[in-house]
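Hi,

Here is the structure I promised to pass on to you. Have a look at it first, and my notes follow just below.

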Amino acid sequence: MSPASTGASTTVAAAPAVPVVDSRMAPGGPGYRRMSFALFLAGVATFALLYSTQALLPLISGEFGVAASEASWTVAAATGGLALFVLPMSALSERFGRRTVMTASLAVAVTVGLAVPFAPNLTTLVVLRAVQGAALAGLPASATAYLAEEVRPRALITAIGLFVAGNSIGGMSGRVITGWVAQEWGWRVAVGVIGALAVACAVAFRLLLPAPRHFKAGSLRPRVLARTVRDHLSNPLLCRLYAIGALFMTVFGGVYTVIGYRLTEAPFSLPQGIVGSIFLVYLVGTVSASTAGRLVGRLGRRGALYAAGATTATGLVLSLAGSLPLVLLGLVLITGGFFAGHAVASSAVSKTATTGRAQAAALYQSAYYVGSSAGSTIGAIAFHAGGWTGTVGVGLLAVAGVVTITVLGTRAARAQQRLATV
């Protein structure tokens, strides 16, 4: 007799659930180490090229007979070019792929880098630097978007921290190498050496970076891009993170554009090679950026930003001292605070944006490098008008802005929590 005729219920055994395997990369997994090293090298090349003239500004001022505020345009033009083109380059990466755009960007940037030493005058030098910055615009946003797509969420802050650490190594090595080379052979040979270093990094990057497995091509239609950008700019959290990145970079750009002038003048009167070696404090940034994930785990995102701002402000105040050891300690704190804040803010952007990640990251990078250009220019003008105290004053105002924005974010988060419990 069938079960239906007896009234007995029929039970069909459910098939066992098939576990969903996350194929994205994670620490210890296949491809993660190669990916990390490749993007680390991309970060090295980006910052080494982008700031290759920063430690050399006193020598450039001397050769072309210009003031610090004019020579600083060799830095501001590069960062400004990057800020201007990062959004269009991110759109290209949505269509043609992150790895393709990063490879092309590095190829153009290193080619221009090999031409920079032959600039006959300051105007040509500034133009070449602007083109180089525009080419490098394909790296930062595409790299963070690549990581957001190819790395598991729990490892994202650490992976972005390693990329930012590559930035700090590039910024440090570029300045240290150019300082010592320029002392012996002049600034032109120094930037040529950086160009050759960047070529090696670019080749290794392309050979090592794993092909993307989770990229989905998007649209290049201007209307779609405009809508994505509008959505990101209407997100209060993203806007706060963009402003925080810009303000942190205003501090960093101003301090490191002017510090060479301060240390080569009385009472320190250091030679160019020693001034270049001062940038070894970037190693602190390497550590603070790569450990930002743990800092967020202990203090939360906003707590980490408060800590980064307080560290940066303390360093600025210490740098006012007339003692070289205290100035160096101040630079250590400024560098550690800046890189920690940058890693926290940039990783928060990647986690907040669920769509159009490349555009979200591009807007952050655009704001970040606008801050760099502003810091380089305003910091140099403030130094010309009021000495190092003027530059520190600009930096403290920017840190105050970071703290204010973070406080506003804390209040907004608490208000949302209260509404959720009603």
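Let me start at a loop: Arg 221 sits in the one that links helix H10 (187-208) to helix H11 (222-233). Please keep in mind throughout that this is a predicted model. Arg 221 has a relative accessibility of 55%, so it counts as exposed, the cut-off for that class being over 50%. Together with Arg 223, Arg 227 and Arg 230, Arg 221 makes up a positive patch on the surface.

Helix H10 comes up again in a second patch, this time a nonpolar one. Trp 185, Val 189 and Val 193 form it, and it covers about 300 Å². Val 193 belongs to helix H10. With 33% relative accessibility, Val 193 is classed as partly exposed, because that class runs between the 20% limit for buried and the 50% limit for exposed.

Now to the charged pairs. How many salt bridges does the count come to? The total is two, and I will take them in turn.

The first one I looked at joins Glu 63 and Arg 188, with 2.7 Å between the closest N and O atoms. Glu 63 is part of helix H3 (residues 57-64) and Arg 188 is part of helix H10, so this contact ties together parts of the chain that lie 125 residues apart in sequence. Both ends are partly exposed: the relative accessible area is 42% for Glu 63 and 24% for Arg 188.

The other salt bridge pairs Glu 149 with Arg 98, at 2.3 Å from N to O. Here helix H8 (residues 140-150) supplies Glu 149 and helix H6 (residues 98-115) supplies Arg 98, so the linked parts are 51 residues apart in sequence. Are the two partners of this bridge buried or exposed? Glu 149 is buried, at 13% relative accessible area, and Arg 98 is buried too, at 1%. Both values fall in that class because buried means under 20%.

One last element for your list is helix H2, which runs over residues 32-50 and has 19 residues. From its first C-alpha to its last it reaches 27 Å, close to the 27 Å expected at 1.5 Å a residue. H2 is also mostly covered, with 15 of its 19 residues buried.

If you would like to begin somewhere, the pair Glu 149 and Arg 98 and the arginine patch around Arg 221 are the places I would open up on screen.

Best wishes

Conventions: Residues are numbered from 1 along each chain as its sequence is written. This is a predicted model: local features need pLDDT of at least 70, side-chain atom pairs count only at pLDDT 80 or more; totals for chains, interfaces and linings use all residues. Side-chain values use heavy atoms; hydrogens and water are left out. Patches are made of residues with over 30% relative accessible area and no salt bridge: like charges are joined within 9 Å, nonpolar side chains (Val, Leu, Ile, Met, Phe, Trp, Tyr) within 5 Å. Accessible areas come from the Shrake-Rupley method with a 1.4 Å probe; for residues, only the protein chains shown count as cover. A salt bridge is a side-chain nitrogen of Lys or Arg within 4 Å of a carboxyl oxygen of Asp or Glu. Lys and Arg count as positive and Asp and Glu as negative; His and the chain ends are not counted. The place of a charge is taken as NZ of Lys, CZ of Arg, CG of Asp or CD of Glu. Helices (H or I, at least four residues) and strands (E, at least two) are DSSP runs, numbered from the N terminus. Buried means under 20% relative accessible area, exposed over 50%, partly exposed in between (1.4 Å probe, protein chains only). The expected span of a helix is 1.5 Å times one less than its number of residues.
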